[in-house]
Structures are given as structure tokens and as C-alpha cells.
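Good morning, everyone, and thank you for making room for me today. I would like to walk slowly through one protein model, so please have the picture open while I talk.

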Amino acid sequence: MPDSAIPQNPPNAPARASTTWHILGAGSMGMLWATRLARADLPVTLILRNDDRLQAYKAVQKLTLIEGEDSQHWPISAQTPETDEPIQRLLVTCKAYDAEQAVKQIAGRLSPGAELILLQNGLGSQQAVAAQVPHARCIFASSTEGAYRDGDWRVVFAGRGHTWLGDPRHGPAPQWLEELQLSGIAHEWSPNILSRLWRKLALNSAINPLTVLHDCRNGGLQAHDAEVNTLCAELSALLEHCGQAEAAIDLATEAHRVIQATANNYSSMHQDVSQGRRTEISYLLGYACTAARNRQFAVPCLQGLHQRLSEHLRQRGLPCN
Ligand code: NAD
Ligand code: KPL
């Protein structure tokens, strides 16, 4: 498709009317989902922070999805949280530290039986959101896709991956998964999404903080094997203690595999710190340390790492929560 073309309905568009995908958080992941859903001719509406952001969007009125050499524009509708329109299906793509506040703003708009899909990394924010909307169904998601913004309203699809979705209350898989299929969003329904989220949290906690403190790419941790092993041993013991034994299986082996497979990459936390952005530390390493403290389970190395990282962030004027 040529650059600047605005694509028309594809032949595989679903015949029946679909529920609108409201997307709260038009950042990297929000735009990546919005453009692919729109590409499948599904109804999508962005919920932007405020009227300033809405006016800025109205000046362009489209999102751009960049995949390799290809760039496509999608004229997606947008509104503010204050808009008076009911929401049946909400994809939340804010950072973990913004999700609760963002959902609070639109909670009054949720229809009876509304569904929320929470795409935050780590743990803690999903539970906080779910507690705020007790009558809605909250589906948790864990994604290995990679995307970044290279300008306002522009997203680069940087790494193909997979998204696991699941219901922590073990409800059935929703019908709308077929819409993800139509949109080319690689996904799987996970019967134990908490285990998946814990596993990713553990890997991110063993790798990301060390890349920040050693100021290296993921591959640089090959010179710090012993430190990675010690952290993985504590994380595995903690996971087992928290009833997440499955997430603990061969954790160190997996951490070393990820370090090798992504050797040339900077971790997401390293990128956040080097660009002066707030990290999601409280929902990764911080969540693990709090879980240990609540259970009076000793994790001295994780706690030491948390303190060193918090100090490092403080020195750079970044929040350590
Ligand atoms: P991002 O910072 O690019 O996007 C977040 C967006 O939310 C921003 O546009 C921000 O303005 C918006 N926002 C914040 N508060 C809001 C509010 N009250 N109302 C409306 N919008 C609001 O973040 P991202 O990279 O898309 O990450 C989102 C989540 O997905 C994070 O938890 C991240 O860890 C996870 N994730 C990201 C990637 C990736 O490659 N980017 C991959 C996997 C998982
Ligand atoms: O997910 C990651 C991240 O950078 O956030 C990996 C590549 C697994 C490193 O922890």
C-alpha cells in the first residue's frame, strides 16, 4: 500500500455490526492496536487525555502505522474522557502507573456488562483497576510485541510478538477474540494469565534493573551471570511461595536465553531511564518486594537491587515509584 493512501474496507471485514473498541491511552501500544483493528474495518475510538490532545489530533485526524518500509494512515475517531457515550469494550493501554487514574475518569461511562482489556506490564495496576470497576469484566493481557512512537500520532511496529489474554476469575474466552484474528494480532487465550504475568514480571525484574545499573544492553549481562542467577533463585523461591510454582520453572535458564536472544537490545527500563521517562519499577521489582514483605518472606538480593535502583532513579530526578 502506498504511503499516504487511506485504505478502504478489506474483503475480510466481519458481516455483523461489531462493538466499538474504545482505546484509553493513545501511545505506542494503543496506536498499534487501534491501527490494526481499523485495518480490519472494526470500529475504533481513541480516548485522549484532554481537549488539548483532542485538538492536536484533529489537526491530523489520522494515526500512522509504520511497519518496515511501509507506512499506512488510518482516520480513527477520537474523543475526551468527558464525552457522553457509553463504553462496552475498553482497551487500556496507559502505563501501569497511569491506568487506575485513567480508568477512574471514564468509569461512569461503562455499560452494564462492560469488558476491559488491561495491557499493562507487571502486576498491581490490573488489580487496582479491577477493584475500581467491580461490575465490569477485566481481562488481563501480557504482550511480547514491541512498538514505539517516532512522532505524534505515529507508531513503529518494531517487534513481532504474541499477546496472551486471560480472565483471572477463569471466565470463558470472549467471542471478540475472532476480531483480533481478523486484525492480525497474534494472540492466545491463556487459562492462567496470572502465571504468565508473574513469569514476565520475574524475567523483567532479573534483567531490566541490572541493565540500568550496569548501563548496558541486555547482552552486557552475560558478564554478570552470577548476579542474574542469584536474583533468579530468589525470584523462583518467591514465586513458589506465592503459589506460582509454574511460573518459577527453569527461570534462570529462561533469563539467560532472553539475554542472549535480545543481546543487542536495550531493555525497556534502560530506554525509559536514558530518555528521562518514569519507569514501571513499582509494578515489577517493587511488586515482587512488596509481595515478599507481605508474606514475611526474605528476599535480600531483590530488596538490595530495589534500593540501588531507587537511589539511581532518585539521583536522576526520576520517580522511584
Ligand atoms: P506509552 O507511554 O507509549 O502510551 C501510554 C499513553 O497513555 C500515552 O499516550 C499517555 O498520554 C496516555 N495516557 C496516560 N494517562 C492517560 C489518561 N488519563 N487518559 C488518556 N490517556 C492517557 O506506553 P506504551 O509503550 O504504549 O505502554 C503501555 C503499556 O504496555 C505499558 O504497561 C508497557 O509496559 C506495556 N507494553 C509496552 C510495549 C511496547 O513495546 N511499547 C510492549 C509490551 C508491553
Ligand atoms: O521485556 C523485556 C523488556 O525489555 O522489558 C525483556 C526483553 C524481556 C528484558 O527484560
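**Two sheets and a C-terminal span**

Let me begin with the sheet of eight strands, which is open, has mixed pairing, and follows the order 5-2-1-6-7-8-11-12. At its edges you will find strand 5, residues 77–79, and strand 12, residues 187–189, each of which pairs on one side only. If you go from one strand to the next, the twist averages 25°. Please keep in mind throughout that what we are looking at is a predicted model.

For those of you who are new to this, strands of a sheet pair through backbone hydrogen bonds, and they do so either parallel or antiparallel. A parallel example here is strand 7, residues 110–118, which is joined to strand 8, residues 137–143, by four bridges. Within this part of the sheet, I117 stands opposite I139 of strand 8.

Now look for helix 3, residues 96–106, which lies across strand 1 (21–24), strand 2 (44–47), strand 6 (87–92) and strand 7, and which runs at about 165° to strand 6.

Let us move on to the other sheet, where four strands are arranged in the order 4-3-10-9, again as an open sheet with mixed pairing. Its edge strands are strand 4, residues 70–74, and strand 9, residues 146–151, and each of them pairs on one side only. Neighbouring strands in this sheet are turned against each other by 25° on average, if direction is ignored. Strand 3, residues 63–67, pairs with strand 10, residues 154–159, in the parallel sense over three bridges, and the bridge partner of L65 in strand 10 is V155. This sheet also has a helix across it, namely helix 1, residues 28–39, which lies across strand 3, strand 4, strand 9 and strand 10 and runs at about 90° to strand 3.

My last stop is further along the chain, where UniProt, in an unreviewed entry, places the feature "domain: Ketopantoate reductase C-terminal" at residues 192–310. This span is 68% helix and 0% strand, and its end C-alpha atoms lie 31 Å apart.

Is S310, the residue at which that span stops, buried or exposed? S310 belongs to helix 12, residues 300–315, and we call S310 buried because its relative accessible area is 7%, where the cut-off for buried is under 20%. Leaving aside the neighbours within four places in sequence, S310 is in contact with I281 and C320.

Terms used:
Residues numbered from 1 in each chain as written. Chains lettered and ligands numbered in written order. Predicted model: local features only at pLDDT ≥ 70, side-chain atom pairs only at ≥ 80, totals over all residues. Heavy atoms only, no water. Pairing = 2+ DSSP bridges. Axes fitted to C-alpha atoms, helices over the stretch in contact; angles between N-to-C directions. Contact = heavy atoms within 4.5 Å. Buried < 20%, exposed > 50% of the residue type's maximum accessible area, 1.4 Å probe, protein only. UniProt positions renumbered as here; feature names shortened; annotations may be inferred.
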